[in-house]
Amino acid sequence: MSKLSKEQVKNIAKLSRLGIKESEIDKYSKEISDILTYVEQLNELGVICAEPVSQITGLESVTREDAKYEQKICSKEELLKNAPEIKDDSIKVKPVFEERESI
Amino acid sequence: MLSKLSLSQAIEKLESKEISSEELTRFSLSVIENKDKDINAFITVLTDEAIDAAKIVDGKRLKGEKLSHLAGIPVGVKDNFSTKNVLTTAGSKILSNYIPCFDSAIVKKLKNQHAIIIGKTNMDEFAMGSSTESSFFGPTKNPRDLERVPGGSSGGSAAAVASDEVIYSLGSDTGGSIRQPASFCGVVGLKPTYGRVSRWGLLAMGSSLDQIGPFTKTVKDSAIVLENIAGADKMDSTSVDREVPEYSKMLGKSVKGIKIGIPKEYFEGLDKNIKESVMEAAEILAKEGAQIIDVSLPYTKYALPVYYIIMPAEVSSNLSRYDGIKYGFCSKDAENLMETYLKSREEGFGAEVKRRIMIGAYVLSSGYYDAYYLRAQKVRALVKKDYDDVFSKVDVLLTPTSPVLPFKIGEKMTDPLSMYLADIYTVPVNIAGVPAISVPGGEVDNLPVGIQFIGPQWSEEKILNVAYIFENNRR
């Protein structure tokens, strides 16, 4: 049984940095559980004697020279244009550390 | 009439100077103007840019410059291809204001060949879906029946070609997102071998599965587009350095003696009308001398479960970059950094994207990794081996593209699993990294049915040729 508990859904959402509403948790719990139950068909196969595949055409360790690209793809100014908030040529973000850390 | 032009016909007319690129581009824009309020195939239309680009090509042609076949011909590009200074949304609210400062490799390639990029086509949010209903910009309608979906996720690209808004378009295919909408809209859709076309600058969904390919009106047109976009790219380490054949010149060879496999797993429980269309396709090819052979790919049923582990795992990782900080939508209500992440992603992503991110995070989390992700990667090897084995016996496989006909808008949106099952015949192809093409194969209840040809890795010329022979021998 793979039914995801409410707590598990909350935890995955938090790990994924996804805010979810209390009222949606049951829905996600049911939908994700259904999908997990579906994919668990793979358990029918028992022990599998095969190497896991992560690259399907068999490429291995594709590397490039550890050097700067000669061509700049975008300038700093161009990149900053898309930032929601900027200050003094930098991206501005909300506070990372709170003054009163909750314990 | 300009509207019925195939790509090959347009090339001829442009090269003989019977028409100009400006005429062709203005015509395409006028069709979009007339039809797209109903169809909604485009998120962005580049009217002025397209006409300017067309004028430049016309000038070059008059001067007698040697030009690519794609020069001067309008193309629609799926909205997950990065386009410099042009809105690139991937159908999502979280990128609804995002304007890249660079072109994806393929857009650059098109521009270098003076193709006319006429607009960005609608899609399921981040290419997650089989109906184009999950787009933040509203659903695309099937030009054949406006109450039905065009398929997805590249539904806009398929509908744009089917409604003659453009002569061809580009999409991306992670589990069927080119072939299934091509099938639903009655056009040709090709997913090349994994690594055949550079994906640099394509907004990633499932990086071990994603591949770019064309939507066209004919098989030959797909061959023309592929030979002009394929090839290795040092910016995409998964692209493979192999010679790109002139696919369009390899069409028309007799299929006499070619072995075409009919895999029984692709017909189990299949709608009998769709099955009939596929068997008719087999008969047509048999008449041309092909040998039709019953084959089996026993691990087929496990391909979809494998997909719904591997793809969400990759999605959860690929979509972590959308955080409301560097670009895209940022929630106004956040008071600290954590809230910026949580709220921007909560408000910016739709339900299907959130589901897949959470499934991915779950199957990758410690304690579950071996049971889900690692297991799926092992079964992936078995699915691939099925294809290796079968292709030692036959040259290509013939299957339906989709188990269902184009369904009504809204019909499957409330049941994610039933939507997933719409990809049951296309997903195994991405799991194995092999190429496949969907070609129109008749109609059932006035709705198009797609026939899928699947070949071994790097055998595009083979599936294109068989599809071409089939296309030319249908009544």
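This passage describes the strand order of a sheet in chain B, the helices packed on that sheet, and a helix contact between chains A and B. The model is predicted, so local features need pLDDT of at least 70 and side-chain atom pairs count only at pLDDT 80 or more, while totals for chains, interfaces and linings use all residues. Residues are numbered from 1 along each chain as its sequence is written, with chains lettered from A and ligands numbered from 1 in the order in which they are written.

In chain B, 11 strands (DSSP runs of E, at least two residues, numbered from the N terminus) make up an open sheet of mixed pairing, ordered β1-β3-β2-β4-β6-β5-β10-β11-β9-β7-β8. Strands pair if DSSP finds at least two bridges between them. The edges are held by β1 (42-45) and β8 (291-295) of chain B, each with a single partner strand, so one side of each has no neighbour in the sheet. Within the sheet, β10 (residues 436-444) and β11 (residues 447-454) of chain B run antiparallel and are joined by 7 bridges; B:Ile437 has B:Phe453 in β11(B) as its bridge partner.

Helix α8 (residues 272-287) of chain B (helices being DSSP runs of H or I, at least four residues) packs on this sheet, touching β7 (259-263), β8, β9 (396-400), β10 and β11 of chain B.

Turning to the two chains, the axes (lines fitted to C-alpha atoms, for helices over the stretch in contact; angles run from 0 to 180 degrees between N-to-C directions) of α1 (residues 6-15) of chain A and α11 (residues 351-364) of chain B come within 9 Å and cross at roughly 100°. The contact (C-beta atoms, placed from the backbone, within 7 Å) is made by A:Ile12, A:Ala13 and A:Leu15 of α1(A) with B:Met358, B:Ala361 and B:Tyr362 of α11(B).

How values were computed:
Contact = placed C-beta atoms within 7 Å.
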